[in-house]
Amino acid sequence: MGQRAFLCGNEAVAEGVRLSAPHVIAAYPITPQTVVVERLAEMVEDGSVKAEFMHVESEHSALSASMGASAVGARTFSSTSSQGLVYMAECLHYASGGRFPIVMMNANRSLALPWSIYGDHRDSMSLLDCGWIQVYTEDAQESLDMVLQAYAIAEHPEVLTPVMINLDGFVLTHTYELVDIPDWEQAREFLPPYETVNKLDFDAPKNMAFSSNPGNNLEFKLRQHRGMLRAKELIAETDGRFQSIFGRSYGGLTEAYRCDDAELIVVSVGSVTGTCRTVADELRNEGWKVGVLKIRFMRPFPEEEIIAALRNVKAVAVLDKDISFGYEGTVFTNVNSALSKAGAEILKLNFIGGLGGRDISKDHIREMYRRLQDGLDGIAQENVQYLGLGVAIDERG
Amino acid sequence: MNRPALRKYVNPQYLSDLPEGPCYDAGHLVTVNAGWRTRKPVLDSEACTGCYICYMNCPEGVIFKSDGKVDIDYDFCKGCGICGNGCPKDAIVMIREGEA
(Lines give C-alpha, C1' and ligand atoms only; values in the text may rest on other atoms or scores of the structure.)
Protein backbone atom coordinates (compact mmCIF):
# COMPACT_ATOMS: atom_id res chain seq x y z
CA MET A 1 0.00 0.00 0.00
CA GLY A 2 1.06 3.54 -0.66
CA GLN A 3 0.22 6.45 1.56
CA ARG A 4 -2.27 9.30 1.64
CA ALA A 5 -1.32 12.95 1.64
CA PHE A 6 -2.95 16.36 1.36
CA LEU A 7 -1.62 17.66 -1.95
CA CYS A 8 -2.31 20.37 -4.50
CA GLY A 9 -2.44 19.51 -8.20
CA ASN A 10 1.16 20.58 -8.79
CA GLU A 11 2.42 18.44 -5.89
CA ALA A 12 0.36 15.49 -7.06
CA VAL A 13 2.01 15.72 -10.48
CA ALA A 14 5.44 15.86 -8.81
CA GLU A 15 4.58 12.65 -6.93
CA GLY A 16 3.46 11.04 -10.18
CA VAL A 17 6.76 12.02 -11.78
CA ARG A 18 8.74 10.62 -8.83
CA LEU A 19 6.89 7.31 -9.17
CA SER A 20 7.61 7.25 -12.91
CA ALA A 21 11.37 7.16 -12.18
CA PRO A 22 12.47 9.68 -14.83
CA HIS A 23 16.12 10.02 -15.82
CA VAL A 24 15.97 13.68 -16.77
CA ILE A 25 13.79 16.61 -15.74
CA ALA A 26 14.19 19.86 -17.68
CA ALA A 27 11.74 22.61 -16.82
CA TYR A 28 11.55 26.34 -16.35
CA PRO A 29 9.28 27.74 -13.65
CA ILE A 30 6.23 29.84 -14.56
CA THR A 31 3.07 30.72 -12.66
CA PRO A 32 0.95 28.67 -11.93
CA GLN A 33 3.20 25.66 -12.61
CA THR A 34 6.15 26.75 -10.41
CA VAL A 35 5.36 24.43 -7.51
CA VAL A 36 5.80 21.26 -9.58
CA VAL A 37 9.30 22.40 -10.58
CA GLU A 38 10.13 23.30 -6.97
CA ARG A 39 8.97 19.94 -5.61
CA LEU A 40 10.85 18.00 -8.27
CA ALA A 41 14.02 20.02 -7.60
CA GLU A 42 13.67 19.12 -3.90
CA MET A 43 13.13 15.46 -4.72
CA VAL A 44 16.24 15.38 -6.87
CA GLU A 45 18.16 17.19 -4.09
CA ASP A 46 17.10 14.72 -1.38
CA GLY A 47 17.66 11.72 -3.64
CA SER A 48 14.08 10.48 -3.76
CA VAL A 49 14.19 11.11 -7.54
CA LYS A 50 17.38 9.80 -9.11
CA ALA A 51 17.21 12.11 -12.09
CA GLU A 52 19.36 14.76 -13.68
CA PHE A 53 17.64 18.11 -13.10
CA MET A 54 18.64 20.40 -15.95
CA HIS A 55 18.54 24.09 -15.13
CA VAL A 56 17.61 25.73 -18.39
CA GLU A 57 17.24 29.40 -19.30
CA SER A 58 13.87 29.19 -21.06
CA GLU A 59 10.98 26.94 -22.02
CA HIS A 60 12.36 26.62 -25.53
CA SER A 61 15.54 25.24 -23.97
CA ALA A 62 13.58 23.07 -21.53
CA LEU A 63 11.87 21.16 -24.29
CA SER A 64 14.99 21.12 -26.48
CA ALA A 65 16.92 19.58 -23.59
CA SER A 66 14.08 17.12 -23.01
CA MET A 67 14.35 16.00 -26.63
CA GLY A 68 18.11 15.57 -26.33
CA ALA A 69 17.64 13.43 -23.24
CA SER A 70 14.87 11.43 -24.86
CA ALA A 71 17.19 10.85 -27.84
CA VAL A 72 19.54 8.79 -25.66
CA GLY A 73 16.63 6.70 -24.44
CA ALA A 74 16.05 8.57 -21.18
CA ARG A 75 12.60 8.91 -19.63
CA THR A 76 12.09 12.65 -19.59
CA PHE A 77 9.71 15.07 -17.90
CA SER A 78 9.05 18.75 -18.42
CA SER A 79 6.35 21.17 -17.38
CA THR A 80 5.20 24.62 -18.37
CA SER A 81 2.24 26.97 -18.75
CA SER A 82 0.77 29.63 -21.02
CA GLN A 83 3.48 31.90 -22.50
CA GLY A 84 6.03 29.20 -21.73
CA LEU A 85 4.03 26.65 -23.72
CA VAL A 86 3.73 28.92 -26.74
CA TYR A 87 7.42 29.76 -26.44
CA MET A 88 7.99 26.00 -26.81
CA ALA A 89 5.80 25.84 -29.92
CA GLU A 90 8.66 25.09 -32.30
CA CYS A 91 9.97 22.31 -30.07
CA LEU A 92 6.51 20.81 -29.54
CA HIS A 93 6.32 19.95 -33.24
CA TYR A 94 9.94 18.81 -33.24
CA ALA A 95 9.33 16.45 -30.31
CA SER A 96 6.22 14.85 -31.80
CA GLY A 97 7.71 14.58 -35.29
CA GLY A 98 10.87 13.08 -33.78
CA ARG A 99 8.64 10.60 -31.92
CA PHE A 100 10.19 11.45 -28.55
CA PRO A 101 7.81 10.16 -25.83
CA ILE A 102 8.26 13.07 -23.43
CA VAL A 103 5.61 13.68 -20.79
CA MET A 104 4.91 17.29 -19.90
CA MET A 105 2.51 18.96 -17.54
CA ASN A 106 0.86 22.17 -18.68
CA ALA A 107 -0.87 24.44 -16.19
CA ASN A 108 -3.64 25.92 -18.33
CA ARG A 109 -3.39 29.68 -18.22
CA SER A 110 -4.53 32.60 -20.33
CA LEU A 111 -2.34 34.01 -23.10
CA ALA A 112 -1.28 37.65 -23.37
CA LEU A 113 -2.40 40.27 -24.27
CA PRO A 114 -4.07 41.53 -22.04
CA TRP A 115 -1.62 39.99 -19.60
CA SER A 116 -3.18 37.53 -17.19
CA ILE A 117 -1.80 34.83 -14.95
CA TYR A 118 -5.19 33.18 -14.46
CA GLY A 119 -6.63 30.09 -16.01
CA ASP A 120 -8.25 29.28 -19.31
CA HIS A 121 -7.58 26.78 -22.10
CA ARG A 122 -6.31 29.09 -24.81
CA ASP A 123 -2.68 27.99 -24.42
CA SER A 124 -3.11 24.28 -25.08
CA MET A 125 -6.16 24.52 -27.37
CA SER A 126 -4.24 26.82 -29.70
CA LEU A 127 -1.64 24.03 -29.98
CA LEU A 128 -3.97 21.11 -30.67
CA ASP A 129 -2.23 20.49 -33.99
CA CYS A 130 1.30 20.16 -32.61
CA GLY A 131 1.13 16.36 -32.58
CA TRP A 132 1.01 15.86 -28.81
CA ILE A 133 -1.52 13.70 -27.04
CA GLN A 134 -3.55 16.11 -24.89
CA VAL A 135 -5.32 14.98 -21.73
CA TYR A 136 -7.22 17.31 -19.37
CA THR A 137 -7.48 16.18 -15.76
CA GLU A 138 -10.18 17.06 -13.26
CA ASP A 139 -8.57 16.64 -9.84
CA ALA A 140 -5.19 16.11 -8.16
CA GLN A 141 -5.57 12.32 -7.90
CA GLU A 142 -6.26 11.98 -11.61
CA SER A 143 -3.30 14.28 -12.31
CA LEU A 144 -0.93 12.04 -10.34
CA ASP A 145 -2.32 8.87 -11.89
CA MET A 146 -2.20 10.28 -15.40
CA VAL A 147 1.55 10.89 -15.18
CA LEU A 148 2.07 7.14 -14.81
CA GLN A 149 -0.50 6.38 -17.49
CA ALA A 150 0.96 9.03 -19.80
CA TYR A 151 4.39 7.38 -19.85
CA ALA A 152 2.82 3.99 -20.52
CA ILE A 153 0.92 5.41 -23.50
CA ALA A 154 3.68 7.69 -24.85
CA GLU A 155 6.42 5.05 -24.73
CA HIS A 156 4.41 2.27 -26.36
CA PRO A 157 6.48 1.30 -29.42
CA GLU A 158 3.48 1.74 -31.73
CA VAL A 159 2.66 5.18 -30.30
CA LEU A 160 5.96 6.98 -29.55
CA THR A 161 4.16 10.27 -29.12
CA PRO A 162 4.64 12.89 -26.39
CA VAL A 163 1.84 13.55 -23.91
CA MET A 164 0.72 16.90 -22.50
CA ILE A 165 -1.16 16.62 -19.20
CA ASN A 166 -3.28 19.73 -18.75
CA LEU A 167 -4.31 20.99 -15.32
CA ASP A 168 -6.49 24.08 -14.92
CA GLY A 169 -4.27 26.84 -13.58
CA PHE A 170 -4.91 27.65 -9.90
CA VAL A 171 -8.28 25.84 -9.80
CA LEU A 172 -6.41 22.55 -10.01
CA THR A 173 -2.73 23.39 -9.64
CA HIS A 174 -3.22 25.26 -6.34
CA THR A 175 -6.15 23.58 -4.60
CA TYR A 176 -5.49 20.82 -2.08
CA GLU A 177 -7.17 17.48 -1.69
CA LEU A 178 -6.50 14.10 -0.13
CA VAL A 179 -4.49 12.04 -2.62
CA ASP A 180 -3.50 8.38 -2.63
CA ILE A 181 0.19 8.11 -3.45
CA PRO A 182 0.82 4.72 -5.02
CA ASP A 183 3.42 2.32 -3.76
CA TRP A 184 6.83 2.34 -5.51
CA GLU A 185 6.77 -1.38 -6.27
CA GLN A 186 3.28 -1.18 -7.74
CA ALA A 187 4.40 1.72 -9.91
CA ARG A 188 7.31 -0.43 -11.15
CA GLU A 189 4.87 -3.22 -11.98
CA PHE A 190 2.68 -0.83 -13.94
CA LEU A 191 5.44 1.13 -15.69
CA PRO A 192 8.49 -0.85 -16.83
CA PRO A 193 11.64 1.03 -17.91
CA TYR A 194 11.54 2.83 -21.28
CA GLU A 195 13.09 0.73 -24.02
CA THR A 196 13.63 1.98 -27.55
CA VAL A 197 15.86 1.35 -30.53
CA ASN A 198 15.44 5.01 -31.56
CA LYS A 199 18.34 6.32 -29.56
CA LEU A 200 21.92 7.51 -29.74
CA ASP A 201 23.91 4.36 -29.15
CA PHE A 202 27.63 3.77 -29.81
CA ASP A 203 27.00 0.07 -30.44
CA ALA A 204 24.17 0.65 -32.90
CA PRO A 205 24.71 4.15 -34.34
CA LYS A 206 21.62 5.93 -35.62
CA ASN A 207 20.97 8.85 -37.88
CA MET A 208 18.38 10.76 -35.82
CA ALA A 209 15.91 13.56 -36.47
CA PHE A 210 16.80 13.65 -40.15
CA SER A 211 15.28 15.51 -43.09
CA SER A 212 12.86 14.20 -45.63
CA ASN A 213 12.28 15.17 -49.22
CA PRO A 214 8.83 15.82 -50.73
CA GLY A 215 8.83 12.20 -51.89
CA ASN A 216 8.46 10.76 -48.39
CA ASN A 217 7.43 13.55 -45.99
CA LEU A 218 3.74 12.59 -46.20
CA GLU A 219 4.54 8.98 -45.33
CA PHE A 220 6.45 10.01 -42.20
CA LYS A 221 3.62 12.32 -41.16
CA LEU A 222 1.06 9.58 -41.82
CA ARG A 223 2.98 7.20 -39.57
CA GLN A 224 3.02 9.90 -36.89
CA HIS A 225 -0.74 10.36 -37.30
CA ARG A 226 -1.32 6.63 -37.07
CA GLY A 227 0.80 6.47 -33.92
CA MET A 228 -1.59 8.98 -32.35
CA LEU A 229 -4.60 7.01 -33.58
CA ARG A 230 -3.11 3.84 -32.07
CA ALA A 231 -3.03 5.68 -28.75
CA LYS A 232 -6.83 5.85 -28.94
CA GLU A 233 -7.07 2.10 -28.40
CA LEU A 234 -4.32 2.08 -25.81
CA ILE A 235 -5.78 4.77 -23.57
CA ALA A 236 -8.68 2.64 -22.31
CA GLU A 237 -6.46 -0.46 -22.25
CA THR A 238 -3.84 1.34 -20.15
CA ASP A 239 -6.53 2.63 -17.78
CA GLY A 240 -7.82 -0.92 -17.34
CA ARG A 241 -4.34 -2.18 -16.49
CA PHE A 242 -3.95 0.77 -14.09
CA GLN A 243 -7.21 -0.15 -12.39
CA SER A 244 -6.17 -3.76 -11.94
CA ILE A 245 -3.06 -2.64 -10.02
CA PHE A 246 -4.16 0.55 -8.24
CA GLY A 247 -7.96 0.15 -8.08
CA ARG A 248 -8.71 3.51 -9.69
CA SER A 249 -10.13 4.07 -13.18
CA TYR A 250 -10.83 7.10 -15.34
CA GLY A 251 -12.38 5.39 -18.32
CA GLY A 252 -11.26 6.23 -21.80
CA LEU A 253 -11.19 9.35 -23.92
CA THR A 254 -14.48 10.69 -22.54
CA GLU A 255 -16.56 10.28 -19.40
CA ALA A 256 -20.34 10.43 -19.58
CA TYR A 257 -22.40 11.48 -16.56
CA ARG A 258 -26.14 10.76 -16.49
CA CYS A 259 -26.18 10.79 -20.29
CA ASP A 260 -28.13 7.57 -20.88
CA ASP A 261 -31.64 9.05 -21.11
CA ALA A 262 -30.56 12.69 -21.30
CA GLU A 263 -32.08 15.14 -23.76
CA LEU A 264 -29.81 18.10 -23.00
CA ILE A 265 -26.07 17.63 -22.60
CA VAL A 266 -23.27 19.97 -21.65
CA VAL A 267 -19.87 19.02 -23.06
CA SER A 268 -17.04 20.16 -20.82
CA VAL A 269 -13.25 19.88 -20.53
CA GLY A 270 -11.23 19.91 -17.33
CA SER A 271 -12.00 20.85 -13.74
CA VAL A 272 -15.23 22.75 -14.46
CA THR A 273 -16.84 19.35 -15.05
CA GLY A 274 -17.36 18.91 -11.30
CA THR A 275 -19.60 21.98 -11.18
CA CYS A 276 -21.42 20.77 -14.30
CA ARG A 277 -22.24 17.47 -12.59
CA THR A 278 -23.56 19.27 -9.50
CA VAL A 279 -25.86 21.38 -11.68
CA ALA A 280 -26.94 18.31 -13.63
CA ASP A 281 -27.90 16.62 -10.35
CA GLU A 282 -29.89 19.67 -9.25
CA LEU A 283 -31.69 19.91 -12.59
CA ARG A 284 -32.42 16.17 -12.55
CA ASN A 285 -34.09 16.68 -9.16
CA GLU A 286 -36.19 19.38 -10.80
CA GLY A 287 -37.27 16.97 -13.52
CA TRP A 288 -34.92 17.99 -16.37
CA LYS A 289 -33.37 15.20 -18.43
CA VAL A 290 -29.80 16.46 -18.48
CA GLY A 291 -26.31 15.00 -18.59
CA VAL A 292 -22.65 15.97 -18.82
CA LEU A 293 -20.09 14.63 -21.27
CA LYS A 294 -16.52 15.29 -20.20
CA ILE A 295 -13.87 15.18 -22.90
CA ARG A 296 -10.68 13.87 -21.29
CA PHE A 297 -8.54 13.66 -24.41
CA MET A 298 -8.68 16.41 -27.04
CA ARG A 299 -6.00 14.56 -29.07
CA PRO A 300 -6.46 11.90 -30.17
CA PHE A 301 -10.01 13.21 -30.54
CA PRO A 302 -12.79 10.91 -29.26
CA GLU A 303 -14.97 11.16 -32.36
CA GLU A 304 -16.65 7.76 -31.98
CA GLU A 305 -17.31 8.19 -28.25
CA ILE A 306 -18.85 11.62 -28.79
CA ILE A 307 -21.08 10.38 -31.57
CA ALA A 308 -22.18 7.40 -29.46
CA ALA A 309 -22.97 9.59 -26.45
CA LEU A 310 -24.66 12.46 -28.26
CA ARG A 311 -26.27 11.24 -31.47
CA ASN A 312 -29.67 10.62 -29.90
CA VAL A 313 -29.94 13.67 -27.66
CA LYS A 314 -31.97 16.77 -28.52
CA ALA A 315 -29.49 19.53 -27.79
CA VAL A 316 -25.82 19.94 -26.91
CA ALA A 317 -24.01 22.87 -25.33
CA VAL A 318 -20.24 22.90 -25.71
CA LEU A 319 -18.42 24.87 -23.03
CA ASP A 320 -15.17 26.37 -24.29
CA LYS A 321 -12.60 28.08 -22.08
CA ASP A 322 -10.96 29.27 -25.26
CA ILE A 323 -11.83 31.15 -28.43
CA SER A 324 -10.49 30.77 -31.93
CA PHE A 325 -10.68 34.38 -32.97
CA GLY A 326 -12.80 34.93 -36.05
CA TYR A 327 -14.69 31.66 -35.66
CA GLU A 328 -15.82 29.96 -32.43
CA GLY A 329 -14.57 27.84 -29.55
CA THR A 330 -12.10 25.12 -30.56
CA VAL A 331 -13.81 22.36 -28.58
CA PHE A 332 -17.07 23.25 -30.32
CA THR A 333 -15.44 23.05 -33.76
CA ASN A 334 -14.21 19.55 -32.98
CA VAL A 335 -17.46 18.27 -31.41
CA ASN A 336 -19.54 19.82 -34.18
CA SER A 337 -17.38 18.14 -36.81
CA ALA A 338 -17.88 14.72 -35.20
CA LEU A 339 -21.65 15.13 -34.91
CA SER A 340 -22.00 16.53 -38.42
CA LYS A 341 -20.15 13.53 -39.85
CA ALA A 342 -22.63 11.28 -38.05
CA GLY A 343 -25.47 13.20 -39.68
CA ALA A 344 -26.99 13.89 -36.28
CA GLU A 345 -29.64 16.62 -36.35
CA ILE A 346 -29.11 18.16 -32.94
CA LEU A 347 -29.31 21.73 -31.70
CA LYS A 348 -25.69 22.64 -30.97
CA LEU A 349 -24.69 25.80 -29.14
CA ASN A 350 -21.26 27.05 -28.17
CA PHE A 351 -20.69 28.81 -24.87
CA ILE A 352 -17.42 30.61 -24.32
CA GLY A 353 -16.57 31.35 -20.71
CA GLY A 354 -13.96 31.32 -18.02
CA LEU A 355 -11.44 33.35 -20.03
CA GLY A 356 -8.59 34.88 -18.06
CA GLY A 357 -9.67 33.10 -14.88
CA ARG A 358 -13.29 34.27 -14.73
CA ASP A 359 -15.37 31.89 -12.63
CA ILE A 360 -17.88 29.64 -14.31
CA SER A 361 -20.67 29.45 -11.75
CA LYS A 362 -23.53 27.04 -11.26
CA ASP A 363 -25.80 29.79 -12.61
CA HIS A 364 -23.79 29.93 -15.82
CA ILE A 365 -24.14 26.20 -16.29
CA ARG A 366 -27.89 26.36 -15.57
CA GLU A 367 -28.08 29.12 -18.16
CA MET A 368 -26.54 26.80 -20.78
CA TYR A 369 -29.15 24.10 -20.18
CA ARG A 370 -31.91 26.76 -20.19
CA ARG A 371 -30.66 28.18 -23.50
CA LEU A 372 -30.74 24.71 -25.02
CA GLN A 373 -34.35 24.26 -23.89
CA ASP A 374 -35.22 27.74 -25.20
CA GLY A 375 -33.71 26.80 -28.54
CA LEU A 376 -35.78 23.63 -28.65
CA ASP A 377 -38.85 25.70 -27.76
CA GLY A 378 -38.30 27.84 -30.85
CA ILE A 379 -36.60 30.84 -29.28
CA ALA A 380 -33.79 31.80 -31.66
CA GLN A 381 -30.31 31.33 -30.21
CA GLU A 382 -26.95 32.77 -31.22
CA ASN A 383 -24.61 29.92 -32.17
CA VAL A 384 -21.84 31.35 -30.01
CA GLN A 385 -22.72 32.85 -26.64
CA TYR A 386 -20.58 34.27 -23.85
CA LEU A 387 -20.97 33.21 -20.24
CA GLY A 388 -20.96 35.90 -17.60
CA LEU A 389 -20.37 38.75 -20.03
CA GLY A 390 -20.31 41.82 -17.82
CA VAL A 391 -21.58 44.25 -20.48
CA ALA A 392 -24.20 44.34 -23.25
CA ILE A 393 -22.93 43.88 -26.81
CA ASP A 394 -23.72 47.03 -28.78
CA GLU A 395 -23.18 47.99 -32.42
CA ARG A 396 -19.98 49.94 -31.79
CA GLY A 397 -18.39 47.36 -29.48
CA MET B 1 38.17 1.06 -40.55
CA ASN B 2 34.45 0.65 -40.92
CA ARG B 3 33.45 2.71 -43.91
CA PRO B 4 29.78 2.57 -44.90
CA ALA B 5 29.21 1.06 -48.30
CA LEU B 6 26.96 2.46 -50.97
CA ARG B 7 23.64 0.60 -51.02
CA LYS B 8 20.87 0.49 -53.54
CA TYR B 9 17.85 2.54 -52.50
CA VAL B 10 14.72 0.42 -52.36
CA ASN B 11 11.45 2.32 -52.62
CA PRO B 12 9.18 1.49 -49.68
CA GLN B 13 6.11 -0.45 -50.75
CA TYR B 14 4.19 -0.27 -47.47
CA LEU B 15 3.89 2.33 -44.72
CA SER B 16 5.51 -0.16 -42.36
CA ASP B 17 8.63 -0.19 -44.57
CA LEU B 18 9.37 3.32 -43.28
CA PRO B 19 11.05 3.72 -39.90
CA GLU B 20 8.90 4.70 -36.89
CA GLY B 21 9.96 8.35 -36.87
CA PRO B 22 12.92 10.00 -38.57
CA CYS B 23 15.50 7.65 -37.09
CA TYR B 24 17.44 4.98 -38.98
CA ASP B 25 20.74 3.08 -38.96
CA ALA B 26 23.65 5.46 -39.41
CA GLY B 27 25.77 5.13 -42.53
CA HIS B 28 22.91 4.07 -44.77
CA LEU B 29 24.34 5.58 -47.95
CA VAL B 30 22.15 5.34 -51.02
CA THR B 31 23.55 8.09 -53.28
CA VAL B 32 27.05 9.30 -54.09
CA ASN B 33 27.78 12.85 -53.07
CA ALA B 34 30.63 14.34 -55.08
CA GLY B 35 28.87 16.85 -57.28
CA TRP B 36 30.14 19.87 -55.35
CA ARG B 37 33.72 19.19 -56.34
CA THR B 38 35.47 21.60 -58.73
CA ARG B 39 38.95 20.24 -58.04
CA LYS B 40 39.97 16.78 -56.97
CA PRO B 41 42.94 15.49 -54.98
CA VAL B 42 45.27 13.22 -56.88
CA LEU B 43 47.75 11.10 -54.95
CA ASP B 44 51.32 10.49 -56.10
CA SER B 45 51.82 6.99 -54.71
CA GLU B 46 55.59 7.17 -55.31
CA ALA B 47 55.91 10.20 -53.01
CA CYS B 48 53.36 8.93 -50.46
CA THR B 49 54.93 7.31 -47.37
CA GLY B 50 51.56 6.09 -46.01
CA CYS B 51 51.88 8.29 -42.89
CA TYR B 52 48.12 8.75 -42.99
CA ILE B 53 48.03 12.39 -41.83
CA CYS B 54 45.62 12.95 -44.75
CA TYR B 55 43.26 10.39 -43.19
CA MET B 56 43.39 12.25 -39.89
CA ASN B 57 42.72 15.58 -41.61
CA CYS B 58 39.98 14.58 -44.07
CA PRO B 59 36.69 16.06 -42.80
CA GLU B 60 34.65 13.67 -44.97
CA GLY B 61 36.38 10.42 -44.00
CA VAL B 62 36.93 9.47 -47.63
CA ILE B 63 40.60 8.47 -47.36
CA PHE B 64 41.36 4.82 -46.76
CA LYS B 65 44.05 2.22 -47.25
CA SER B 66 43.77 -0.59 -49.73
CA ASP B 67 46.48 -3.26 -49.83
CA GLY B 68 48.57 -0.99 -47.61
CA LYS B 69 48.30 1.93 -50.04
CA VAL B 70 46.45 5.17 -49.43
CA ASP B 71 43.47 5.74 -51.66
CA ILE B 72 40.63 8.27 -51.98
CA ASP B 73 36.92 7.56 -52.35
CA TYR B 74 35.92 10.01 -55.06
CA ASP B 75 32.23 9.14 -54.65
CA PHE B 76 32.15 11.19 -51.46
CA CYS B 77 35.17 13.52 -51.71
CA LYS B 78 34.04 17.18 -51.73
CA GLY B 79 37.35 18.48 -53.10
CA CYS B 80 38.19 20.72 -50.15
CA GLY B 81 41.94 20.15 -50.52
CA ILE B 82 42.70 19.83 -46.82
CA CYS B 83 44.41 16.49 -47.44
CA GLY B 84 46.89 18.00 -49.89
CA ASN B 85 47.46 21.06 -47.76
CA GLY B 86 48.48 18.96 -44.78
CA CYS B 87 50.58 16.39 -46.63
CA PRO B 88 54.23 16.58 -45.38
CA LYS B 89 55.50 15.04 -48.62
CA ASP B 90 53.34 17.14 -50.97
CA ALA B 91 52.12 13.84 -52.35
CA ILE B 92 48.57 15.11 -52.98
CA VAL B 93 47.93 17.76 -55.60
CA MET B 94 44.60 19.34 -56.50
CA ILE B 95 43.64 19.09 -60.15
CA ARG B 96 40.73 20.86 -61.83
CA GLU B 97 37.88 18.44 -62.51
CA GLY B 98 37.92 17.20 -66.04
CA GLU B 99 41.62 17.87 -66.58
CA ALA B 100 42.82 14.53 -65.29
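# Exercises on Two Sheets, a Helix Pair and a Loop Residue

In this predicted model, D320(A) has I352(A), a residue of β15(A), as its bridge partner.

**Exercise 1. Determine which strands this bridge joins and how they run.**

Solution. The strands concerned are β14, residues 315-320 of chain A, and β15, residues 347-352 of chain A. Six bridges connect β14(A) with β15(A), and the two run parallel. The pair D320(A) and I352(A) belongs to this ladder.

**Exercise 2. Place β14(A) and β15(A) in their sheet, and name its edge strands.**

Solution. Step one is the order of the strands: β10-β12-β11-β14-β15-β16 in chain A, six strands that form an open sheet with mixed pairing. Step two concerns the ends of that order: β10 and β16 (384-386) of chain A are the edge strands, each pairing on one side only. Step three is the twist, which averages 20° from one strand to the next.

**Exercise 3. Describe the neighbours of β12(A) and the sense in which each one pairs with it.**

Solution. Consider β10(A), residues 254-257, to begin with: it pairs with β12(A) in the antiparallel sense over four bridges. Within this part of the sheet, A256(A) lies opposite L293(A) of β12(A). Next, consider β11(A), residues 264-269: it runs parallel to β12(A), and six bridges join the two. Here L264(A) is found opposite V290(A) of β12(A). The connection between these parallel strands passes through helix α10 (residues 273-285) of chain A, and the resulting β-α-β crossover from β11(A) to β12(A) is right-handed.

**Exercise 4. State whether the residues of β12(A) are buried or exposed, and sort them by the way they point.**

Solution. Strand β12(A) spans residues 290-295, and six of its six residues are buried. In a regular strand, side chains alternate between the two faces of the sheet. In β12(A), one group consists of V290(A), V292(A) and K294(A), which point one way. The other group, G291(A), L293(A) and I295(A), points the other way. Both groups are buried, the lysine K294(A) included.

**Exercise 5. Analyse the seven-stranded sheet of chain A and explain why its edge strands have a side without a neighbour.**

Solution. The strand order in this open sheet is β3-β2-β4-β5-β7-β6-β13, and the pairing is mixed. At the edges stand β3 (52-55) and β13 (297-299) of chain A; each has a single partner strand, so one side of each has no neighbour in the sheet. The average twist is 20° from one strand to the next. For the edge strand β3(A), the pairing with β2(A), residues 24-27, is parallel and extends over four bridges. A26(A) stands opposite M54(A) of β3(A).

**Exercise 6. Characterise the packing of helices α3(A) and α5(A).**

Solution. Helix α3(A) covers residues 59-70 and helix α5(A) residues 89-97; their axes are 8 Å apart and form an angle of about 15°. Because angles under 35 degrees count as roughly parallel, α3(A) is roughly parallel to α5(A). The crossing of these two helices is left-handed.

**Exercise 7. Locate T38(B) and decide whether T38(B) is buried or exposed.**

Solution. T38(B) lies in the loop between β1 (23-25) and β2 (39-43) of chain B. Its relative accessibility is 53%. The threshold for an exposed residue is over 50%, and T38(B) therefore counts as exposed. The C-alpha atoms of T38(B) and G79(B) are separated by 6.7 Å, although these residues are 41 residues apart along the chain.

**Exercise 8. Report the confidence scores for chain B and for the model.**

Solution. Chain B has an average pLDDT of 92, with 97% of the residues scoring at least 70. The model has an ipTM of 0.83 and a pTM of 0.93.

How values were computed
Residues numbered from 1 in each chain as written. Chains lettered and ligands numbered in written order. Predicted model: local features only at pLDDT ≥ 70, side-chain atom pairs only at ≥ 80, totals over all residues. Heavy atoms only, no water. Buried < 20%, exposed > 50% of the residue type's maximum accessible area, 1.4 Å probe, protein only. Pairing = 2+ DSSP bridges. Right-handed = clockwise from strand over helix to strand, strands pointing away. pLDDT = per-residue confidence, 0-100. Axes fitted to C-alpha atoms, helices over the stretch in contact; angles between N-to-C directions. Parallel < 35°, antiparallel > 145°, perpendicular 65-115°, else oblique. Left-handed = near helix turned anticlockwise from the far one by under 90°.
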